Amino acid sequence: MYLVLISILSILYLIYLIIKKEKNLPPGPTDYSIPIFGHLFSLGKHPQETLLKWCQNRQSDIIHCYFGQKLVIVLNNYDLIKQAFLDDNYSARAQPFIFEEHFHGKGLTYADGERWLIHRKFAMNTLKKFGMGKHFLQDTILDELKDIFLSIDKQNEKPLNIKGLLTHGLSNIICGFAFGQRFSHNDQEFHHIVSLIEECFTLGSHDSWITIFPLLRFIPTQSLRGNYKQFSKNFKEIFKFAKKLVENHDENIDETKDYIDEYLKQANIDKKSNKLDSTFDMDQLITSITNLFIGGTETTSTTLRWAFVYMIENPQILKNVQQEIDSYMNNNKQHNLFIHMEDKEYLPYTLATIFEIQRCGNIATLGGSTMHRNLQATTLNGYNIPKDSYIAANFYACHVDERYFPNSDQFDPTRFLTDDHKPIQRPAGFIPFSIGKKSCPGESLANMELFLFFSNFIRQYDFHAVNKNEEINSKIFYHTSLTRAPFDYKLSFRKRF
Ligand code: HEM
């Protein structure tokens, strides 16, 4: 009886799939798609690399595949990504269950349409007003860095995992901007929240089973639920923390000094003008702040952790950076210990090294907030793209594209320099922050943080890894989840002067 029922249901399902089959899609991978599961089983530990291989096998920079039953269009080169992401039709976000459950289409990252447009513009203007390019922000970043250096010095060259210190300092920069508040390195609650953010980045991914089959969350078996329970618990705690800070924040809309003040001022304007469709409510505020907090913490910290890996792996390049910095600072800034943003233009090799770290580190994967969604059915490169497809820009593929980066597997900062080793050249294919209207709103802040942290670390410390050198091999020493990040490692730091 059951067998007959299952057979009938299977046949009906197959008929449904045949009727539903989209016409003129980009080519599919050579690996088989399994009903219901799609290509999930073939994606492997590093989906960005698998997708690149699938494209190469098909000799096409655009392919389609299925994450469960969700149609995913993979864009594997800069031109296609640019074509799609400069078009408003692609400015919606993929809504995987693990994020949808917490963000409910609000905030910045997972909001769509009019709500996203309004709040994205508000966030960009506020970021500009309180920081980007301003001395005040530079001072905030350098203060955090000084605190980190104090903690390192206290270690007396004892090996330490730098991740916690970096993430704490970088979160504090966002907290200053968002809440007008910073937290000491001894603040246990903040320390805990920062560790939850770190953990979320290793627990979650777009291709996890629970994302495809949300009902699995009710099954008590850990192997089927995966990390869902922990991931979800962490998110709830992070939201609770942001909510508490928003609620305890003094309202001061006459003299705005942070994101919350500025937001409440706008909410007040909407209220006074009886704007019934205003979206400036508390939920939206807490969600936007959580987006900035999560988006602006682990990403920069992971890039900096890649920086140490590449510097240990390439001692000659580290020496070149140190020489450039030493010679500039000794000739021009004897009395100033810290490198500032205005020194950047005199340190082209250092800047080129940061770009190369970003290119090779490739921290943006498909598991973070990077997949888009198209609002209307359309065509791309002659293929049909059905409405609401997930659009996966494979930034990794762009950054190893030999057309833009010859000998792409070599770590070589000079690729970002002109022949006379002076101004920086940024090849179009270099897009660590994505492109278009949904590209990273924190790009300028992240660039400041990367420059100030990296250059000052290199100036002030020699460092070596306590893990065996062969373990810290950038080609194998990483995992892919919400970001592509090196495994944990310990460094011993020695002051250079
Ligand atoms: C090295 C550091 C960083 C990297 C590599 C990075 C990269 C990215 C990428 C690739 C995206 C997706 C863009 C797209 O969908 O096309 C993104 C989105 C986002 N990032 Fe960053 N990011 C970094 C730092 C930051 C910082 C410091 C902040 C906070 C100020 C931030 C906040 C966000 C937010 C809120 C989004 C979602 C934007 C939206 O959907 O409109 N990121 N980031």
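In the predicted model, strands E1 and E2 pair in the antiparallel sense, and six bridges join them. The two strands form a hairpin with two residues between them. Gly 68 lies in that turn and has a positive phi of about 65°. Within this pairing, Ile 62 has Leu 75 in E2 as its bridge partner. Strand E2 is mostly covered, since five of its six residues count as buried.

On E2, which comprises residues 70-75, there is also a pairing with strand E7, residues 390-393. This second pairing is parallel and extends over four bridges. Two of the residue matches can be named: Val 74 stands opposite Ala 392 in E7, and Leu 75 has Ala 393 in E7 as its bridge partner. Leu 75 is thus a partner of Ile 62 in the hairpin and of Ala 393 in the parallel pairing.

These pairings belong to an open sheet of five strands, arranged in the order E1-E2-E7-E4-E3. The pairing within this sheet is mixed. Strand E1 (62-67) and strand E3 (92-93) each have a single partner strand and stand at the edges, so one side of each lacks a neighbour in the sheet.

The protein as a whole contains 18 helices and eleven strands. Its C-alpha trace spans about 85 × 60 × 45 Å along the principal axes. The radius of gyration is 24 Å, which agrees with the value near 23 Å that a compact globule of 497 residues would have. Of the 497 residues, 41% count as buried. Among contacts with a separation of 6 or more, 75% are accounted for by residues 24 or more positions apart.

The surroundings of the ligand comprise 27 residues, of which Gly 295, Gly 296, Ser 434, Cys 440 and Gly 442 come nearest. The shell divides into eleven nonpolar, 13 polar and three charged residues. At least two shell residues are supplied by each of three helices, namely H13 (282-295), H14 (298-313) and H18 (443-460).

Cys 440, one of the residues that come nearest to the ligand, is listed by UniProt under "binding site" in an unreviewed entry. This cysteine is found in the loop between helix H17 (395-399) and H18. Cys 440 counts as partly exposed because 19 C-beta neighbours lie inside 10 Å, whereas a residue is buried if 20 or more other C-beta atoms lie within that distance. When residues up to four places away in sequence are not counted, Cys 440 touches Phe 433 and Ser 434. Ser 434 is itself among the residues that come nearest to the ligand.

Lys 344 occupies a place in another part of the chain, in the loop between helix H15 (315-332) and helix H16 (348-361). With 18 C-beta neighbours inside 10 Å, Lys 344 counts as partly exposed. Apart from neighbours within four places in sequence, Lys 344 is in contact with Leu 351 and Phe 451. The C-alpha atoms of Lys 344 and Ser 455 are separated by 9.3 Å, although the two residues are 111 residues apart along the chain.

Two loop residues other than glycine have a positive phi, namely His 104 and Asn 274. For His 104, phi is near 50°. His 104 has its place in the loop between helix H4 (97-103) and helix H5 (113-130), and it counts as partly exposed, with 14 C-beta neighbours inside 10 Å. For Asn 274, phi is about 55°. Asn 274 lies in the loop between helix H12 (259-272) and H13, and this residue is exposed, with 7 other C-beta atoms within 10 Å. Helix H13, which borders the loop of Asn 274, is one of the helices that supply at least two residues of the shell around the ligand.

Key:
Residues are numbered from 1 along each chain as its sequence is written. This is a predicted model: local features need pLDDT of at least 70, side-chain atom pairs count only at pLDDT 80 or more; totals for chains, interfaces and linings use all residues. The radius of gyration is taken over C-alpha atoms; the globule rule is 2.2 Å times the number of residues to the power 0.38. A residue is buried if 20 or more other C-beta atoms lie within 10 Å of its own, exposed if 12 or fewer, and partly exposed in between; C-beta atoms are placed from the backbone. Two residues are in contact if their C-beta atoms, placed from the backbone, lie within 7 Å. A residue is near a molecule or strand if its C-beta atom, placed from the backbone, lies within 6 Å of it. Ala, Val, Leu, Ile, Met, Phe, Trp, Tyr, Cys and Pro count as nonpolar, Asp, Glu, Lys and Arg as charged, and the others, Gly among them, as polar. Two strands pair if DSSP finds at least two bridges between them. UniProt positions are given in the numbering used here, feature names are shortened, and annotations may be inferred rather than shown by experiment.
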